[in-house]
Amino acid sequence: MSPDPSVPSTFVISITPFTADGVLDEVATRSHLRRMADAGIGVYLGGGGSGEGYVLSRDETKTLLEIGVEELAGKVPVRAMGVEPRTSGDMIDYIEMVAGIGVDAAQVYSLDQGHGHRPNHDEIHRYFDDVLSAISFPAVLSTHQSVGYQVPVSMLVDYADRFDHLIGINVSHQDLGYLASIVDALGDRLEIHVGGPHLALTALSLGATGYLSSEGNLAPKLCVGVIDAYRDNDAHLMGELFGALLRLSNALYGAGGIRATKAVLNALGLPGGFPRLPQLPLPATSAPRLLDLIDRLGINSTEGWS
């Protein structure tokens, strides 16, 4: 059964913990995902950003998703994210692999031709049409600023009309007019989540379903708290929590993004692990300033660390 787009929700783009020498840390991964389940946040696995999906082998991706299903299925939504593909065949192969693992859905990333090239309108349409025609697995289409173009709204409507297994759209653009047009066209039919917390309240006010975040790796209860306060019509609490979330987001990205998140998790004694090359871990001296901010924002209390 497809998810109800009228029920607000949030997903974390999960980190992938590695050991200091770059091995997939299955123990830390399980422990991290149990934290996510306890917080009640939906999880995307193996993404190209927070999940470092580009440095995972096919076998590692499969192992990661299998662990995710074992730890999360039946507790919170668990989905495969993957990375931007070069061809429709790449995307189809990925979804065929994940379909038998037990995840609830898979993201269909926008085509990234590489070397700075951007597909034209007909090529974008052909790519998504080929992928969605080849699969029957629940799919969430991604339109992402990283590839340098927007998937036209009319095209999204066409896919929603023709493919019943399309259950949502992840919109990672700063263009509010574009977001509003997608919500107006499809918000009563498909889940619509914005990428990152910065547009979360704007998206909800327009009628979108919710938001995705990396910050949920560190503070999943804070991320869920924003959604819960919105559902409870508690504007004061929602504002407090959202303000803390934005300040946390700005601090983490300013300090190195997912590298900073992993460093703070490790400093807190929580499963974070290390980034895998080519990314390098941050020095231990980077964590105290972030830990101080987390304390001042009250996140320790929200997450139950104090």
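**Figure 1. Salt bridge between Glu60 and Arg276.** In this predicted model, Glu60 and Arg276 form a salt bridge in which the closest N and O atoms are 2.8 Å apart. Glu60 belongs to helix H2, whereas Arg276 sits in the loop between helix H10 (258-267) and helix H11 (287-296), so the bridge ties together parts that are 216 residues apart in sequence. Both Glu60 and Arg276 are buried. The loop between H10 and H11 also holds Pro278, which is shown in Figure 7.

**Figure 2. Salt bridge between Asp129 and Arg162.** The side chains of Asp129 and Arg162 meet in a salt bridge, with an N to O distance of 2.5 Å. This pair links distant parts of the chain, with Asp129 in helix H4 (residues 121-134) and Arg162 in helix H5 (residues 153-162), 33 residues apart. Asp129 has a relative accessible area of 17% and is therefore buried, the limit being under 20%. Arg162, at 40% relative accessibility, counts as partly exposed.

**Figure 3. Salt bridge between Glu70 and Arg30, and the network around the pair.** A search of the whole structure finds 13 salt bridges. One of them joins Glu70 to Arg30, with the closest N and O atoms 2.7 Å apart. Glu70 lies in helix H2 (residues 58-72) and Arg30 in helix H1 (residues 26-39), so this salt bridge ties together parts that are 40 residues apart in sequence. Glu70 is exposed, with a relative accessible area of 53%, whereas Arg30 counts as partly exposed at 23% relative accessibility. Arg30, Arg34, Glu70 and Glu71 are joined into one network by salt bridges that share partners.

**Figure 4. Packing of helices H8 and H9.** The axes of H8 (residues 220-231) and H9 (residues 235-255) come within 9 Å and cross at roughly 150 degrees. That angle makes H8 roughly antiparallel to H9, since angles over 145 degrees are classed in this way. H8 passes H9 in a left-handed crossing. On the H8 side, the contact consists of Leu222, Cys223, Gly225, Val226, Ala229 and Tyr230. These meet Leu237, Met238, Leu241, Phe242, Ala244, Leu245 and Leu248 in H9. By class, the residues of this contact are twelve nonpolar, one polar and no charged. Asn233, the subject of Figure 8, is found in the loop between H8 and H9.

**Figure 5. Packing of helices H5 and H6.** The axes of H5 and helix H6 (residues 176-186) come within 10 Å and cross at roughly 25 degrees. H5 and H6 are therefore roughly parallel to each other, as angles under 35 degrees fall in that class. Their crossing is right-handed. H5 contributes Val153, Leu156, Val157 and Ala160 to the contact, and H6 contributes Tyr178, Ser181, Ile182, Ala185 and Leu186. The residues of the contact divide into eight nonpolar, one polar and no charged.

**Figure 6. Packing of helices H9 and H11.** H9 and H11 pack at an angle of about 175 degrees, with their axes 11 Å apart. The two helices are therefore roughly antiparallel to each other. From H9, the contact involves Arg247, Leu248, Ala251, Leu252 and Ala255. From H11, it involves Arg289, Leu290, Leu293 and Ile294. The contact of H9 with H11 has seven nonpolar, no polar and two charged residues. Leu248 of H9 takes part in this contact and also in the contact with H8.

**Figure 7. Cis peptide bond between Leu277 and Pro278.** Most peptide bonds are trans. Leu277 and Pro278 are joined by a cis peptide bond, with omega of about 15 degrees. Pro278 is found in the loop between H10 and H11. Arg276, the salt-bridge partner of Glu60, lies in that loop as well.

**Figure 8. Positive phi at Glu52 and Asn233.** Most residues other than glycine have a negative phi. Glu52 is not a glycine, yet has a positive phi of about 50 degrees. Glu52 lies in the loop between strand S2 (42-45) and H2, and counts as buried at 4% relative accessibility. Asn233, likewise not a glycine, has a positive phi of about 60 degrees. Asn233 is placed in the loop between H8 and H9, and at 71% relative accessibility counts as exposed.

Definitions and conventions: Residues numbered from 1 in each chain as written. Predicted model: local features only at pLDDT ≥ 70, side-chain atom pairs only at ≥ 80, totals over all residues. Heavy atoms only, no water. Axes fitted to C-alpha atoms, helices over the stretch in contact; angles between N-to-C directions. Helix = DSSP H or I, 4+ residues; strand = E, 2+ residues; numbered from the N terminus. Parallel < 35°, antiparallel > 145°, perpendicular 65-115°, else oblique. Left-handed = near helix turned anticlockwise from the far one by under 90°. Contact = heavy atoms within 4.5 Å. Nonpolar A, V, L, I, M, F, W, Y, C, P; charged D, E, K, R; others polar. Salt bridge = Lys/Arg side-chain N within 4 Å of Asp/Glu carboxyl O. Buried < 20%, exposed > 50% of the residue type's maximum accessible area, 1.4 Å probe, protein only.
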